[in-house]
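Colleague: Could you walk me through how to read a model like this one, feature by feature?

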Amino acid sequence: MTENGLGHWERVLNVDTMNPNVKRVEYAVRGPVVQRAVQIEKELKEGVKKPFTEVIKANIGDAHAMGQKPITFFRQVIALCVYPDLLEDKFPEDAKNRARRILQACGGGSLGAYSASSGIEVIRQDVAKYIERRDGGIPSNPDNIYLSSGASDAIVTMLKLLTSGEGKTRTGVMISIPQYPLYSAALAELAAVQISYCLDEDKCWSLDVNELRRAVKAGREHCNPRAICIINPGNPTGQVQSRQCIEDVIRFAAEEHLFLMADEVYQDNVYAEGCQFHSFKKVLFEMGPEYSSVVELASFHSTSKCYMGECGFRGGYMEVINMDPEVKLQLTKLVSVQLCPSVPGQALLDLVVNPPQPDEPSYDTFIKERTANLHILSEKAKMTAQVLNTVPGIHCNPVQGAMYTFPRLTLPEKAINAAKEKEQAPDMFYCMKLLEETGICLVPGSGFGQRDGTYHFRMTILPATEKLKIVLEKIREFHKRFTEEFS
Ligand SMILES: Cc1ncc(COP(=O)(O)O)c(C=O)c1O
């Protein structure tokens with residue numbers, strides 16, 4: 001409260017009057033450990049002495065920030081789209097053709113124009129063709145494709161459409177534990193009810209339908225379960241679900257009358273032998289019309305992950321299946337309020353779904369770069385699990401896919417008590433201490449949800465190989481020191 005000519009003045013918007021749902025939102029991936037890491041970076045720049053010379057951020061799935069190189073063809077086309085005068089310069093013909101095609105589809109031939117709210121039509125057609133190729137010819141209709149500013153945008157939009165009711169009729173949404181905190185954050189903001197189902201750590205974070213049944217039954221006591229979200233390959237747990245598991249989930253969704261949301265942003269990030277990515281759409285249609293004609297599905301993809309890692313462009317799409325035509329009209333209306341998804345993001349997405357073809361000049365370089373990016377990730381996935389499993393007190397499941405590991409920590413009782421005294425979750429205490437002593441920035445498992453009494457951290461496999469080796473070595477030394485200190 002302050003005094004001025006109007007007398008007592010209390011801000012209209014303060015923490016007591018603001019939207020309480022926003023206050024309930026938490027997003028660990030950019031939480032306190034990361035904020036402290038940013039501060040430490042500043043301190044290092046100012047010359048403050050630390051036991052390390054740099055902060056290594058293994059907290060966020062941002063490949064380019066960690067040094068991954070962009071795909072040349074993508075950047076050439078985007079450069080041409082952004083500054084079409086370059087079309088007069090020496091660029092590969094296929095890049096020029098692609099840029100001209102995208103620009104022709106843009107208002108006024110400019111990437112700076114708004115597009116249709118569901119995205120540029122030719123790009124939606126290219127997305128549909130990509131999905132058909134990916135799914136072995138199962139048809140995809142461009143009218144079911146909505147382009148988005150990253151997958152996050154489309155996921156939140158779908159959750160908004162699904163949320164209704166009050167009290168016991170309030171929409172409940174099933175999400176995994178551990179989960180990617182976009183889901184819990186969006187549900188908190190929408191005041192929808194989170195229904196948690198646990199992944200089975202002892203079975204490589206697989207999904208058990210009995211656990212889904214338990215969770216939905218418990219959810220029905222206090223809300224109206226209407227949707228289930230699956231992240232496959234998984235973040236933060238790095239598992240790739242089997243085809244059998246996907247079928248089970250589809251059957252479960254049908255039995256329980258749930259809308260299915262399949263987050264498939266890591267669809268190219270599969271490393272483990274014997275593992276394969278199966279799209280929910282493909283499996284749904286292969287299960288026959290009994291399921292494919294009724295189960296409502298929205299699946300999501302993004303330019304941010306896989307071999308591209310182009311997070312900053314904010315490109316993505318969702319495909320909706322069996323959506324009520326009237327709801328589709330509402331969806332189109334809802335997305336039109338934001339005018340349109342990022343147009344550079346749409347252009348980049350077009351290149352992802354329509355990359356250079358074997359008879360085009362950029363093909364060889366494209367394949368070489370894509371293969372190299374995925375190969376390096378695959379090597380780092382193996383190395384991460386292998387090294388962490390040599391540390392007594394750390395247990396790490398194989399990193400089958402995605403870009404993360406979520407190892408379990410055995411923490412001494414004294415450390416757990418010390419954390420309690422500081423009113424911190426034990427794994428937050430651990431990660432903070434790791435950061436202060438080594439400069440390594442990880443995210444505490446508590447930010448993703450975990451079974452009570454278990455402790456984890458999430459680490460990305462994105463630091464460059466040599467740096468990742470250092471990170472793993474430092475974690476090993478730290479864990480040993482930490483265990484001794486609190487024993
Ligand atoms: C599982 C999952 N879904 C969605 C997203 C959002 O990605 P974007 O909005 O950048 O496409 C992420 C980002 O890390 C993710 O891990």
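Modeller: Let's begin with the annotation. This is a predicted model, and an unreviewed UniProt entry lists residues 91-475 as "domain: Aminotransferase class I/classII large".

Colleague: What is the make-up of the chain over residues 91-475, in helix and strand?

Modeller: Helix accounts for 44% of residues 91-475 and strand for 15%. The C-alpha atoms at the two ends of this stretch are 45 Å apart.

Colleague: Now the ligand. How many residues surround the ligand, and which are the closest?

Modeller: A residue counts here if one of its heavy atoms lies within 4 Å of the molecule. On that basis 15 residues surround the ligand, and the closest are Ser152, Asn235, Asp263, Tyr266 and Ser302. By class, the shell has seven nonpolar, five polar and three charged residues.

Colleague: Which helix gives the most residues to that shell?

Modeller: Helix H6, spanning residues 150-162, gives the most, with four residues.

Colleague: And the polar contacts: what distance separates the side chain of Ser152 from the ligand?

Modeller: For a polar contact, look for a pair of N or O atoms within 3.5 Å. In the side chain of Ser152, an N or O atom is 2.4 Å from a ligand oxygen. The side chain of Asn235 has such an atom 2.6 Å from an oxygen of the ligand, and a polar side-chain atom of Lys305 is 2.8 Å from a ligand oxygen.

Colleague: How much of the ligand does the protein bury?

Modeller: Taken alone, the ligand exposes 390 Å², and the protein buries 95% of that. The ligand takes up the space of the largest pocket.

Colleague: What should I look for in the backbone?

Modeller: Most peptide bonds are trans, and most residues other than glycine have a negative phi, so the departures are worth a look. One cis bond joins Ile177 and Pro178, with omega about 0°. Pro178 is in the loop between strand E5 (171-177) and helix H7 (182-190). Asn235, already met beside the ligand, is joined to Pro236 by a cis bond with omega near 10°. Pro236 is in the loop between strand E7 (224-231) and helix H9 (243-256).

Colleague: Where does Ala191 lie, and what is its phi?

Modeller: Ala191 lies in the loop between H7 and strand E6 (193-198). Its phi is near 55°, a positive value in a residue other than glycine.

Definitions and conventions
Residues numbered from 1 in each chain as written. Predicted model: local features only at pLDDT ≥ 70, side-chain atom pairs only at ≥ 80, totals over all residues. Heavy atoms only, no water. UniProt positions renumbered as here; feature names shortened; annotations may be inferred. Polar contact = N/O pair within 3.5 Å; in protein donor to acceptor, adjacent residues only side chain to side chain. Areas by Shrake-Rupley, 256 points an atom, 1.4 Å probe, with all protein chains shown as cover. 1 Å grid on protein atoms, 1.4 Å probe; cavity = no way out; pocket = protein on both sides within 12 Å on 5 of 7 lines; lining within 4 Å. Sits in = over half its atoms within 2 Å of the grid points. Nonpolar A, V, L, I, M, F, W, Y, C, P; charged D, E, K, R; others polar.
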